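Trainee: Could we go through this one together, starting with the packing and then moving to the charged pairs?

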Amino acid sequence: MRNSHEKKHIAVFVFPFGSHPISLLNLVFKLAHASPNLQFSFIGTQHSNKPLLSKPDIPDNVKFYTISDGVPEGHVPGSHPVERVNLFLQAGPNNLQKGIDLAVADTKERVTCIIADAFVTFSLTVAQNLNVPWVLVWLPLSCSLSAHFYTDTIRQKCGPNTAKDTPLDFIPGFSKMQVQDLPEEVIKSGTEEETLFSKTLASLGSVLPQSEAVVVNFFEELDPPSLVHDMRSKLKCFLYVGFILTLSLPLPPLPPSDTDETGCLTWLDKQKKRSSVAYVSFGTVVTPPPHEVVAVAEALEASGFPFLWSLKEHLKGLLPKGFLERTKEHGKVVSWAPQTQVLGHGSVGVFVTHCGSNSVFESMCNGVPMICRPFFGDHGLSGRIVEDVWEIGVRVKGGVFTKEGLVKCLRMVLVEEEGKRMRENAVKVNRVVVDAVGPQGRAAQDFKTLVDLVSKS
């Protein structure tokens, strides 16, 4: 029997890579504010926790605990990020249990529920050992979750010789999707070179139905009804809680431009035409190959459109000789930009992006059309939805940046009639998002269901 006076203690397991930790923490903050009587233990690695500890206004009922990243002492992982992912996954449930032990020793409260990033599937073992509810959070686009449920079917129907433009219309809600849009891990068959991460994703269809709920970082109003119905038929509880972002919706007014230390907002203020600037950014994880960095630079220079480019410092050496000097009158290159504020500025007319889920969401929230160059993971599915489902952007021809291809895309979005239609559609999608976060939207109801679930565990 549980003590009726026992404080509810929620352990949260992070997938410590990319934007996953910050997104999951945002959800935990929302839950912590909604239920101040709950205790949340946020369990990540030193690398993933460190930048989060400096966040302002951390609720008193949220504490951080650090576990191993799985990298053996003295071992230096290679440059490919999948190696670090595999090492973390290899550390397994025992590593997560150490985080539980730290949290329980510190709070003096036993864990009553586990919330985990859906990529950390082995947290199921910990939940089973503790006999507590297991809630999973899916942070990429919801359609990519559906793809993982159909991995076996896809591999049976789509062999190595299947045409890349073969439609995936045998999956509910995927009538516009093609084989080439799928994450590499979905297409890979069970061969020796299949990584632990790939095997983990392939297991989602059988593992996720064992959870008490799957929480999606999206809005039901934006998904095909057939996809929603199919996912709900496969899971105990499927909850759309809206965008788990650092920004609040509806969006607040932009801060005074002189408070932006990067100078991006002040520079945007000086642009003469509304919706004329191309904003270019590929997120914190993606590093385009050198020849594509050069192609982007050449296209920006040749097009003549004003541009703001958030380019990692170590990549600036790849820029064509004299590029910064030649484009200083109509371009600005920075090592980091306040992206949500940049996209909210009226002078920005297009976002050149890798199609990471957070970047797509932020663009949608601001009604800015996109030029998409997917790189890996769910980027391909996101780019397809942007271009062919919502019709609020275009993918670069051939899937890689070329000077001529990007110039053509820039002209299409910023000048031509097709770009005007994209902007109109982007505004419509933005209205759907704003309505969806309102009291009548599904997100508010589903979030309340989530609060009730973890509170009563």
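Trainee: Which residues have the most contacts inside the largest nonpolar core?

Mentor: This is a predicted model, where local features need pLDDT of at least 70, side-chain atom pairs count only at pLDDT 80 or more, and totals for chains, interfaces and linings use all residues. Residues are numbered from 1 along each chain as its sequence is written, and side-chain values use heavy atoms, with hydrogens and water left out. The largest nonpolar core (buried Ala, Val, Leu, Ile, Met, Phe, Trp, Tyr and Cys residues joined through side-chain atoms within 4.5 Å) has 90 residues, and those with the most contacts inside it are I114, F174, F218, F243, L308, M364 and W390.

Trainee: And what is M364 in contact with, leaving aside its neighbours within four places in sequence?

Mentor: Taking contact as heavy atoms within 4.5 Å, M364 is in contact with L222, F243, M370, W390, I392, V429, N430 and V433.

Trainee: Switching to charges, how many salt bridges are there?

Mentor: The structure holds 16, a salt bridge being a side-chain nitrogen of Lys or Arg within 4 Å of a carboxyl oxygen of Asp or Glu. One of them joins D446 to R232, with the closest N and O atoms 3.8 Å apart. D446 lies in helix α19 and R232 in helix α10, so the pair ties together parts that are 214 residues apart in sequence.

Trainee: Is D446 buried or exposed?

Mentor: D446 counts as buried at 2% relative accessibility, whereas R232 is partly exposed at 28%; buried means under 20% relative accessible area, exposed over 50%, and partly exposed in between, with a 1.4 Å probe and protein chains only.

Note on methods. Helix = DSSP H or I, 4+ residues; strand = E, 2+ residues; numbered from the N terminus.
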